[in-house]
Amino acid sequence: MRAKFFLAFLAWAVCQFYCRPAAADGDGVDVVLHLSSQSAITFTSSQSSFNLTLSDFAAGSVSDTAQIAYSVTANDVGRIQDNVMVRMDVLMDGIALETRMDSFSSRGTQAHLVSKGSGFVTLNTFDQGVADKVTDQGDGKIVDGDMILSYHARAMADLAAGQHEATVTVTFVDN
Amino acid sequence: MLKRILLFLMTVVMTLPLKLFADADTKTLPLTFYIQPVTAVRAEGAAGSASVELGRVLPGVDQQAEALKVTIRTNSEQRYKIFHRYLSSITSAGGGQMPEGGLRFMVSGGSAGGQSAVQSWTEVPEGRAEIFNSGDSGGADSFTLNYLVSGKKPLEAGDYFGQVRLEIEQN
């Protein structure tokens, strides 16, 4: 008798766990979220053009300095050197255009840019690096901030009065 | 001798109680059915499964995900609430993490009188958050849960996965 009672109790207890309707377990539902973040670079300049004035025509004279702000947001920056490249379309006789990254103000926490060397770089018709990446946190693939590039012109010879035009191209490279 | 044996057998057969072959006996057993009170929640994305495609996200561009339809089935008249919580945060295989405030959500009102507890775009909290209240007498209902990925904070490139749980709590 005791054995029968025990077996009946056991059957009832097992049923409480395993024989309930499936929906009775439905006190919640799990949902998977998926997104794909696209590799992207947003690189903008605060100005579309700038002027430099040489107040003296003698060789060695240096013009005033133009500071141009650039904003960069990139999310897949694997490259750690020469992330910012600058070049000009034509070389001007007797005039050298020089540039340097002055500052980088970061909006993110993963990485920032630093000037490549301390001095000005003389521009040419091919790309030259002016800034490198420094990782601050994680793999540093997000670079988000504002950068200032300074430009000035240097007279390499005595110059005749006049006006010269050139186009400067600045490129941000992520990989 | 054989005659005696046959006579004895005939006597035995004739004296057997006829009840064994005729008549009927009836037993009545009381039977009780128990139907448990059940309240279950189901979620269905556009693909028909419990998943949400948040889309292809670009830095600087807010991306609204496909809607998640949430259905509550119940056979009780108890009031209930639906809660939202992360089971696992949204991360990429490369270790990229959704920045704080990167995901927002909004919940519609119920088709059968339930009320949204998140009526405008709200940052999805890390912990448990109440998102829906049933009508006064409970009952089946359905609503839509929408997600929005903010493009304000750049997200490292890659595929990201996370998991949330929608829980029912009866009052």
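This report describes how two chains, A and B, share a sheet and an interface, and which salt bridges occur in the structure.

The model is predicted: local features need pLDDT of at least 70, side-chain atom pairs count only at pLDDT 80 or more, and totals for chains, interfaces and linings use all residues. Residues are numbered from 1 along each chain as its sequence is written, chains are lettered from A in the order in which they are written, and side-chain values use heavy atoms, with hydrogens and water left out.

**Chain A in outline**

The secondary structure of chain A comes to one helix and 10 strands. Helices (H or I, at least four residues) and strands (E, at least two residues) are DSSP runs, numbered from the N terminus. Of the 175 residues of chain A, 37% count as buried; buried means under 20% relative accessible area, exposed means over 50%, and partly exposed lies in between (1.4 Å probe, protein chains only). Among the contacts in chain A with a separation of 6 or more, 80% are between residues 24 or more positions apart. Contact here means heavy atoms within 4.5 Å.

**A sheet built from both chains**

Strands of a sheet pair through backbone hydrogen bonds, either parallel or antiparallel. Two strands are said to pair if DSSP finds at least two bridges between them. An open sheet of six strands has the order S2(B)-S1(A)-S11(B)-S5(B)-S9(B)-S7(B), and its pairing is mixed. Its edge strands are S2 and S7 (115-116) of chain B, each of which pairs on one side only.

Strand S1 of chain A (residues 28-37) pairs with strand S11 of chain B (residues 158-170) in the antiparallel sense, over 10 bridges. Within this pairing, A:Leu33 has B:Gly162 as its bridge partner, and A:His34 has B:Phe161. S11(B) also pairs in the antiparallel sense with strand S5 of chain B (residues 80-92), over 10 bridges; here B:Lys81 is partnered by B:Glu169. Towards the S7(B) edge, two bridges join S7(B) to strand S9 of chain B (residues 129-133), and these strands run antiparallel. One of the bridge partners is B:Asn133, opposite B:Gln115.

**The interface**

How many residues of chain B are in contact with chain A? There are 41, and they are in contact with 27 residues of chain A. The area buried between the chains is about 3000 Å², of which carbon and sulfur atoms give 55%. Buried area is the accessible area (1.4 Å probe) that two parts lose on being put together, summed over both.

Between the two chains there are 22 residue pairs in polar contact, with both residues at pLDDT 80 or more. A polar contact is a pair of N or O atoms within 3.5 Å; within protein, one must be able to donate a hydrogen and the other to accept it, and residues adjacent in sequence count only if both atoms are side-chain atoms. S11(B) gives the most to the side of chain B that touches chain A, with 11 residues.

**Salt bridges**

A salt bridge is a side-chain nitrogen of Lys or Arg within 4 Å of a carboxyl oxygen of Asp or Glu. The whole structure has 18 of them over all chains, and two lie between chain B and chain A. The table lists four salt bridges.

| Pair | Closest N and O atoms |
|---|---|
| B:Arg165 and A:Asp27 | 3.9 Å |
| A:Arg87 and A:Asp127 | 3.3 Å |
| B:Asp136 and B:Arg79 | 4.0 Å |
| B:Glu130 and B:Lys81 | 3.7 Å |

B:Glu130 lies in strand S9 of chain B and B:Lys81 in strand S5 of chain B, so this pair ties together parts that are 49 residues apart in sequence. B:Glu130 counts as partly exposed at 29% relative accessibility, and B:Lys81 counts as partly exposed at 25%. B:Asp136 counts as exposed because its relative accessibility is 66%, whereas B:Arg79 is partly exposed at 35%.

B:Arg165 and A:Asp27 also belong to a network of salt bridges, together with A:Asp30, B:Arg85, B:Arg128, B:Glu167 and B:Glu169.

**A buried aspartate**

Is A:Asp76 buried or exposed? A:Asp76 counts as buried because its relative accessibility is 17%. Its place is in the loop between strands S3 (66-74) and S4 (84-88) of chain A. The side chains of A:Asp76 and A:Ser39 are joined by a polar contact of 3.3 Å. Leaving aside neighbours within four places in sequence, A:Asp76 is in contact with residues including A:Lys141, A:Asp174 and B:Ala157.
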